[in-house]
Every structure is written in structure tokens, then in C-alpha cells.
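Visitor: Got a minute to walk me through this one? I'd like to talk charges and cysteines.

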Amino acid sequence: MLLYLIPFSLILAADLITKQLVMMKLEVGQTIPGINGLFEITYVQNQGAAFGILQGKKMMLVFVTLVVFALLIIYALRRDTDSKWLMWGLTLVCSGGMGNLIDRVALSYVRDFIDLSFVRFPVFNIADCAVTAGAIMMILYIMVEEHRRGEEDFFDGDPE
């Protein structure tokens, strides 16, 4: 498990450093070109959660993040921690969650800056990418593991 502290630290550092650089170079709402047709850099301060929901609910979001961290660690300790899929998923979710948690506690908002040019989508950051990728990996791990173990899916079972 300690091996995953290195990627955790690197992802967290990349997230916090890029957020700080954007904050130092841009005013809130300011946009600069990124890769033409792919993304721009737009500095946004998000006081809510994903997609701007729960605006101004800082304490609730901090509490929920801490509960999710605790549940993920408990889950990992009770499951097969030899699974690289599970451990990478946990590492990504926890490092991204920590990056946004640090912002939320220190600044009362999360610094977002990746603005996709080719689709209308909320502005996000590296932490959000890590959380999303990690959640997908964990979902795939759970689906494959449940199937491998032959456990009956709740929706496939006969009602009793």
C-alpha cells in the first residue's frame, strides 16, 4: 500500500501546482488559449461540487469528502489490496479528492481551469480528472470482481 503514496503525492502536487499557477497568472473568469479546438484555460472559482451543485455548502462538502475517504480506506482494507485496479482507483480518487479538499478548506472554493472547447462542459481541474478516472476504475473492478466471484446481481435475482 505504501507504494501508492508516490503516485498519490505526484497527482496531488500536479493538481495543486497547476491550480496555483493559474491563480497567479489569471483573473477569475479570464481565459487564455490552450490547444486550439481542444481546450482553453479559464480560471473559475467553484464554491460547490461537481457541475456547480451545492453552491456555498462548504462544511457539508468537507464532511462528505472525509466520509468518502474513510469508506474507501475501509473498503480497501476489507478487499483484495493486491488488485492493481482497485489500488490505482483508490489512489486516483483519494489524491483528486484531497486536492479539492485542500482548496475547499483553505480557500472556501475549488480552483478549476480546464475548459473544453469542443463541447459545452463545466470547467474542471486535474483533481476532477483523477477522481473520475479512479471512480471508473473502481466500478470496473467491482463489476469484474463480483462477476468473477459468481455473486448474484441484485437486479438479476428472483424476487422472494
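Guide: Sure. One term up front: a residue counts as buried when its relative accessible area is under 20%. By that cut-off aspartate 15 is buried, because its relative accessibility is 1%. Keep in mind that this is a predicted model.

Visitor: OK. How many salt bridges are there in the whole structure?

Guide: Three, from a search of the whole structure.

Visitor: Which side chain does aspartate 15 meet in a salt bridge?

Guide: That of lysine 19, at 2.8 Å from N to O. The two residues sit four apart in helix α1, which covers residues 5-25. That puts about one helical turn between them.

Visitor: And lysine 19, buried or exposed?

Guide: Buried, with a relative accessible area of 0%. Lysine 19 also meets the side chain of aspartate 103 in a salt bridge, at 3.1 Å from N to O. Aspartate 103 is in helix α3 and lysine 19 in helix α1, so this pair ties together parts that lie 84 residues apart in sequence. Aspartate 103 is buried as well.

Visitor: What about arginine 111?

Guide: Its side chain forms a salt bridge with aspartate 103, 2.7 Å from N to O. Arginine 111 is buried too. Through shared partners, Asp15, Lys19, Asp103 and Arg111 join into one network.

Visitor: Next up, arginine 104. Where is it?

Guide: In helix α3, residues 84-107.

Visitor: Which side chain of opposite charge is nearest to arginine 104, and how far off?

Guide: Aspartate 128, 7.0 Å away. Side chains of opposite charge can pair when their charged atoms come close. A salt bridge needs the nitrogen within 4 Å of the carboxyl oxygen, so a 7.0 Å gap does not qualify. Arginine 104 is buried, yet it has no salt bridge.

Visitor: What lies 3.0 Å from a polar atom of its side chain, then?

Guide: The backbone oxygen of glycine 48. Leaving aside neighbours within four places in sequence, arginine 104 is in contact with several residues, including Asn46, Gln47, Lys58, Leu61 and Tyr109.

Visitor: Switching to cysteines. How many disulfides?

Guide: Zero.

Visitor: Why does cysteine 94 have no bond?

Guide: The closest cysteine sulfur, in cysteine 129, is 17 Å from its own, which is too far for a bond. Cysteine 129 is likewise in no disulfide.

Visitor: Are they buried or exposed?

Guide: Cysteine 94 counts as buried, at 14% relative accessibility. Cysteine 129 counts as partly exposed, at 36%.

Note on methods. Residues are numbered from 1 along each chain as its sequence is written. This is a predicted model: local features need pLDDT of at least 70, side-chain atom pairs count only at pLDDT 80 or more; totals for chains, interfaces and linings use all residues. Side-chain values use heavy atoms; hydrogens and water are left out. Buried means under 20% relative accessible area, exposed over 50%, partly exposed in between (1.4 Å probe, protein chains only). Lys and Arg count as positive and Asp and Glu as negative; His and the chain ends are not counted. A polar contact is a pair of N or O atoms within 3.5 Å; within protein, one must be able to donate a hydrogen and the other to accept it, and residues adjacent in sequence count only if both atoms are side-chain atoms. Contact means heavy atoms within 4.5 Å. A disulfide is a pair of cysteine sulfur atoms within 2.5 Å.
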